[in-house]
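Trainee: I would like to go through this model term by term. For each term, please show me how it is justified.

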Amino acid sequence: MIEFEIKDMSCGHCVGAITKAITALDPDAKVLAELPTHRVRVETGVPRAQLEHALRDAGFPPTPVL
């Protein structure tokens, strides 16, 4: 499970765009977004760096959560 904090995620549209960016890399990825905490958890085989790049390209720069 890979977790990110995405401070710019503020609504359902944001969640949709983030999910779309991730599932473009892995259609079987499981994405769980929590708006109140601005956290996104992703279950995928795609490396973290690729996910970060896709999220930045979609306009949602992530902060890794360790």
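Mentor: Start with pairing: two strands pair if DSSP finds at least two bridges between them. Keep in mind that this is a predicted model. One bridge to look at is that of Lys30, whose partner in strand 3 is Glu43.

Trainee: How do you know that strand 2 and strand 3 pair?

Mentor: Strand 2 covers residues 30-34 and strand 3 covers residues 39-43, with five bridges between them. The rule asks for at least two, so strand 2 and strand 3 pair. The sense of this pairing is antiparallel.

Trainee: What joins strand 1 to strand 3?

Mentor: Four bridges do, and strand 1 and strand 3 run antiparallel. At least two are needed, so this also counts as a pair. Phe4 has Val40 as its bridge partner in strand 3, and Glu3 stands opposite Arg41.

Trainee: Why are strand 2 and strand 4 said to stand at the edges?

Mentor: The four strands form an open sheet in the order 2-3-1-4, paired in the antiparallel sense. Strand 2 and strand 4 each have a single partner strand, so each has one side without a neighbour in the sheet.

Trainee: What makes His38 worth a remark?

Mentor: Its phi is positive, near 60 degrees, and His38 is not a glycine. In general, most residues other than glycine have a negative phi. His38 lies in the loop between strand 2 and strand 3, a hairpin with four residues between the strands. Gly59, just after helix 2, also has a positive phi, of about 95 degrees.

Trainee: Why is His38 called partly exposed?

Mentor: The relative accessible area of His38 is 24%. Buried means under 20% and exposed means over 50%, so a value in between is called partly exposed.

Trainee: Why is Pro27 called exposed?

Mentor: Pro27 has a relative accessible area of 65%. The cut-off is over 50%, so Pro27 is exposed. Pro27 is found in the loop between helix 1 and strand 2.

Trainee: Why is Val65 called buried?

Mentor: Val65 has a relative accessible area of 18%. The limit for buried is under 20%, so Val65 qualifies. Val65 lies in the segment after strand 4. Leaving out residues up to four places away in sequence, Val65 touches Glu3, Phe4, Glu5, Arg39 and Arg48. Val65 and Arg39 are 26 residues apart along the chain, with 8.7 Å between their C-alpha atoms.

Trainee: Which residues of strand 3 point to which face?

Mentor: Val40 and Val42 point to one face and are buried. Arg39, Arg41 and Glu43 point to the other face and are not buried. The side chains along strand 3 therefore alternate.

Trainee: Which residues of helix 2 are buried?

Mentor: In helix 2, residues 48-57, they are Leu51, Glu52, Ala54 and Leu55. They cover an arc of only 165 degrees around the axis, which puts them on the same side of helix 2. The face turned away from that side carries the exposed residues Ala49 and Asp57.

Trainee: What do the buried residues of helix 2 pack against?

Mentor: They pack against strand 1, helix 1, strand 3 and strand 4.

Trainee: Which residues of the largest nonpolar core touch the most other members?

Mentor: Of its 14 residues, these are Ile6, Ile18, Ile22, Val40 and Leu51. Strand 1, helix 1, strand 3 and helix 2 each give two or more residues to this core, and helix 1 gives the most, with three. In soluble globular proteins, nonpolar side chains tend to be buried together. Setting aside neighbours within four places in sequence, Ile18 is in contact with Ile6, Met9, Val40, Leu55 and Phe60.

Trainee: What sits over the ring of Phe4?

Mentor: The charged end of Arg48 does, 5.4 Å from the centre of the ring. The distance limit is within 6 Å, so the distance part of the rule is met.

Trainee: How many aromatic pairs are there?

Mentor: The count is zero. Ring centres must lie within 6.5 Å to pair, so no two rings meet that rule here.

Key. Residues numbered from 1 in each chain as written. Predicted model: local features only at pLDDT ≥ 70, side-chain atom pairs only at ≥ 80, totals over all residues. Heavy atoms only, no water. Buried < 20%, exposed > 50% of the residue type's maximum accessible area, 1.4 Å probe, protein only. Arc of directions from axis to C-beta. Contact = heavy atoms within 4.5 Å. Core = buried A, V, L, I, M, F, W, Y, C linked by side-chain atoms within 4.5 Å. Phe/Tyr/Trp six-rings, centres within 6.5 Å; stacked < 30°, edge-to-face > 60°. Lys NZ or Arg CZ within 6 Å of the ring centre and 35° of its normal.
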